[in-house]
Amino acid sequence: MKAVTVVPGVPESLRLRDVNRPSPGRGQVLLRPVEVGVCGTDKEIIEGKYGKAPEGSQYLILGHEALAEVAELGQGVDNVGVGDLVVPTVRRPLDCDLPVDFCPVGHYLEHGIWGLHGHAAEYSVTDAQYLVRVPKELADVAVLTEPLSVVEKGIDMAFRIGQARFDWKPRNALILGAGPVGLLATMVLRLMGLNTTTVATRPPESLKARLVRDIGGKYVDATIEQVTGEFDIVVEATGSWKVAMDSVRNLAPNGVYVLLGVYPSGGSMQGVGDLMTQLVLNNRVIVGSVNAGLKHFELTLEHMRQARSQFGDWLSKLITKRVTLDNYQEAYSWTHDDIKTVLEIRTS
Ligand code: BGC
């Protein structure tokens, strides 16, 4: 079968290889991926900065954002059936009893990222207990489930932390970045009835800006220094530590700041005393959030349904590029105006 592979740690090693079709063990299923989303983590892996091949393999099959059809059941599987449309979660625990998305670094594997093959292939294998069934009516947008689940968890964290202290009722939110994560965060917060301001550097007539306005959000084309006002929730989705540091001042008293990016190492510590004082003096919280488990995958599907009824086909407009497996290389090149690129593995 064909699979999109890299040799982790080796830049420019992206290849379409012919590899053996895997077979499901006990408790596993064979999946026939339909679509796979491409994200910044894939980019880092392709650049040789991140990623790990499975034990005993020279290469890693990419693809952690997948929509797939169940092709075959391993022994003992009864939670899904052949032909079901499913989305798999990414992480699997390694000597860790916590909910898997809270397992510390070193205590998990990740499909398509760290030690387990992904789904950018004609077939893939995963554990049946980590699958969520997708209703047919969401099939056209369900490839967005994984990135949306990460956003759902981050926002859920903000509410739980905020409300652990008193009856906190956030009214407005600032979202930094209008890539897939920033736009999905805007959508979730709009569905929850908050006033949202999304800040990015694309011009006001760009698709990203229009998408924000289409769901009743405010779009601001500015750099972070120009943003004024205080917000109960801030969601950082640019991956710039400078943007993150400079926007803590935009957090309202008792507000919760959610970091969803992965930041380059280094950065200046200047101003860090002020930043800490800002946190202390008004009970502000900064929380980092990564990955998501079944609970947030389910919430994602619920919000997708709501989005469909309130915002029509808005979600499908986030998929700005579709590429077939044979042209896979095109899926891994970006422009600033691309939002989500999807690799189409199976077209019929
Ligand atoms: C994925 C997460 C994953 C993280 C770190 C992200 O792109 O969405 O599920 O845990 O990368 O590897």
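This is a short chat about reading the fold and the ligand site of a predicted model.

Reader: Let's begin with the whole chain. How many helices and strands are there in the protein?

Author: Counting elements gives a first feel for the fold. Here you get 8 helices and 19 strands. The radius of gyration is 20 Å, close to the 20 Å from the globule rule for 348 residues, so the protein is as compact as a globular protein of that length. The C-alpha trace spans about 55 × 40 × 40 Å along its principal axes.

Reader: And what percentage of the 348 residues is buried?

Author: For burial, the cut-off is under 20% relative accessible area. By that count, 52% of the residues are buried. As for the surface, the protein exposes about 15,500 Å², and carbon and sulfur atoms supply 50% of that.

Reader: Among contacts between residues at least 6 apart in sequence, what share joins residues at least 24 apart?

Author: That share is 68% in this protein.

Reader: Now the ligand. Which residues are around it?

Author: Start by listing the shell, then sort it by class. Among the residues around the ligand are Cys39, Thr41, Tyr50, Val90, Ile113, Glu146 and Asn291. By class, the shell has 6 nonpolar, 3 polar and 3 charged residues.

Reader: Which side chains have polar atoms close enough to ligand oxygens to count as polar contacts?

Author: Look for N or O pairs within 3.5 Å. Glutamate 110 has a polar side-chain atom 2.4 Å from a ligand oxygen. For histidine 64 the distance is 3.3 Å, and for arginine 91 it's 3.5 Å. The protein buries 86% of the 310 Å² that the ligand exposes when taken alone.

Key: Residues are numbered from 1 along each chain as its sequence is written. This is a predicted model: local features need pLDDT of at least 70, side-chain atom pairs count only at pLDDT 80 or more; totals for chains, interfaces and linings use all residues. Side-chain values use heavy atoms; hydrogens and water are left out. A residue is near a molecule or strand if one of its heavy atoms lies within 4 Å of it. A polar contact is a pair of N or O atoms within 3.5 Å; within protein, one must be able to donate a hydrogen and the other to accept it, and residues adjacent in sequence count only if both atoms are side-chain atoms. Accessible areas come from the Shrake-Rupley method with a 1.4 Å probe; for residues, only the protein chains shown count as cover. Ala, Val, Leu, Ile, Met, Phe, Trp, Tyr, Cys and Pro count as nonpolar, Asp, Glu, Lys and Arg as charged, and the others, Gly among them, as polar. Helices (H or I, at least four residues) and strands (E, at least two) are DSSP runs, numbered from the N terminus. The radius of gyration is taken over C-alpha atoms; the globule rule is 2.2 Å times the number of residues to the power 0.38. Buried means under 20% relative accessible area, exposed over 50%, partly exposed in between (1.4 Å probe, protein chains only). Contact means heavy atoms within 4.5 Å.
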